[in-house]
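Here's a quick briefing to read with the model open beside you. Let's begin with the pocket and then work through the rest, topic by topic.

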Amino acid sequence: KRAREAGAAAPAADSADVEMVPLARHVLSAEEQAWLTQVFKVLRQSTRAPTEEAAAEELRQLTTVLRTVSTGANMHALSPHLAHFVVTEIPRNLRCLPMLTTLVRLVQAMLRSLVIDVEPYLHQFMPALLTCVVGSRLCADAALDDHWALRRHAAHLVREIVRRFGRFGNVQKRTTQTLLGALYDVRKPLTTHYGALVALQLFGPHVVHSLLMPMLPEYLQTINAILQDEATRRTPAPAPAPAPAP
């Protein structure tokens, strides 16, 4: 049977041999495999299309795929493959902002689904999302690319996961410790500090007052050291003195 279009309703689920989730072993039907192949192709395609028409078509396909993931009735059996795609592609695309943005949107679509149980993937999603929050460089050109929006988006998803699943394994405590560790590290760039601060403030006034305020005096010293280092690196080297006249 011919493969369905990427945006079409997902085929009925059977089962798959999924190494990343040992408890859920499913064998995909040929139709399901074809659907996933088309979906991964859409997710991987460049968002910098050569023409406006091509870019609009790519955006339409991506929007359709994400809508299918968030609303499809048969997504549960396919979710291990979608989760595996996210956690393997993020480390491979740490300088590709369009791809990282697509992957974060895919996680959001999975969180919105009423049939996908994301709990088995939390230990994989959280490190991947935190990378998109506090990664030192998440694009090809930090001066031109809006990696700030990606950090904010990923931070909101981290907060959403903690809100929904915080009762499992001290998720909030481990997450806030990771973010605080980024703030205490003078070796981290300003981009990392921005992401950590954005994420921490999303946890609400209690976290701000109990975790951020006590560290403020020490943190100001840390951030001043980073600013001085940034200023030093951006200061052009003095021109060499002219050679003396013969």
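Eleven residues line the largest pocket, and Leu 122, His 123, Met 126, Val 171 and Arg 174 are the ones that lie nearest its centre. Two elements give two or more residues each to that lining: α5 (122-134) and α7 (171-184). Keep in mind that this is a predicted model.

**More on the pocket**

- The largest pocket holds about 220 Å³ of space.
- Of the elements behind the lining, α5 gives the most, putting in five residues.
- By residue type, the lining of the largest pocket splits into six nonpolar, three polar and two charged.

**Overall layout**

- The protein chain has nine helices and zero strands, so reading along the sequence you get α-α-α-α-α-α-α-α-α by the helix and strand assignment used here.
- There are 246 residues in the protein chain, and 43% of them are buried.
- Take the contacts between residues at least 6 apart in sequence: 69% of these join residues at least 24 apart.

**The nonpolar core**

- The largest nonpolar core runs to 67 residues, and Val 69, Phe 125 and Leu 179 have the most contacts inside it.
- Helix α4 (residues 97-112) supplies the largest share of this core, at ten residues.
- If you click on Phe 125 and skip residues up to four places away in sequence, you'll find it touching Ala 83, Val 86, Val 87, Val 107, Met 110 and Val 118.

**Aromatic pairs**

- How many aromatic pairs does the count come to? It comes to three.
- One of them is Phe 40 with Phe 85, a stacked pair at 4.6 Å centre to centre with 5° between the planes.
- That pair ties together distant parts of the chain, with Phe 40 in helix α1 (residues 30-44) and Phe 85 in helix α3 (residues 79-92), 45 residues apart.
- Are these two rings' residues buried or exposed? Phe 40 counts as buried because its relative accessibility is 16%, under the 20% cut-off, and Phe 85 is buried too, with a relative accessible area of 4%.
- Tyr 121 and Phe 125 make up another aromatic pair, this one tilted, at 6.1 Å centre to centre and 55° between the planes.
- Tyr 121 and Phe 125 are both buried.

**Two polar residues to look at: His 193 and Thr 102**

- His 193 sits in helix α8 (residues 190-202).
- Why does His 193 count as buried? Its relative accessibility is 2%, and buried here means under 20%, so His 193 qualifies.
- Leaving out residues up to four places away in sequence, His 193 touches Ala 182, Leu 183, Asp 185, Lys 188, Tyr 219, Thr 222, Ile 223 and Ile 226.
- Thr 102 lies in helix α4, the helix that gives the nonpolar core its largest share of residues.
- With a relative accessible area of 6%, Thr 102 is buried as well, because that value falls under the 20% cut-off.
- Setting aside neighbours within four places in sequence, Thr 102 is in contact with Leu 43 and Leu 62.

How values were computed:
Residues numbered from 1 in each chain as written. Predicted model: local features only at pLDDT ≥ 70, side-chain atom pairs only at ≥ 80, totals over all residues. Heavy atoms only, no water. 1 Å grid on protein atoms, 1.4 Å probe; cavity = no way out; pocket = protein on both sides within 12 Å on 5 of 7 lines; lining within 4 Å. Points joined across faces, edges and corners; volume = space filled by probe spheres on them. Helix = DSSP H or I, 4+ residues; strand = E, 2+ residues; numbered from the N terminus. Buried < 20%, exposed > 50% of the residue type's maximum accessible area, 1.4 Å probe, protein only. Contact = heavy atoms within 4.5 Å. Phe/Tyr/Trp six-rings, centres within 6.5 Å; stacked < 30°, edge-to-face > 60°. Core = buried A, V, L, I, M, F, W, Y, C linked by side-chain atoms within 4.5 Å.
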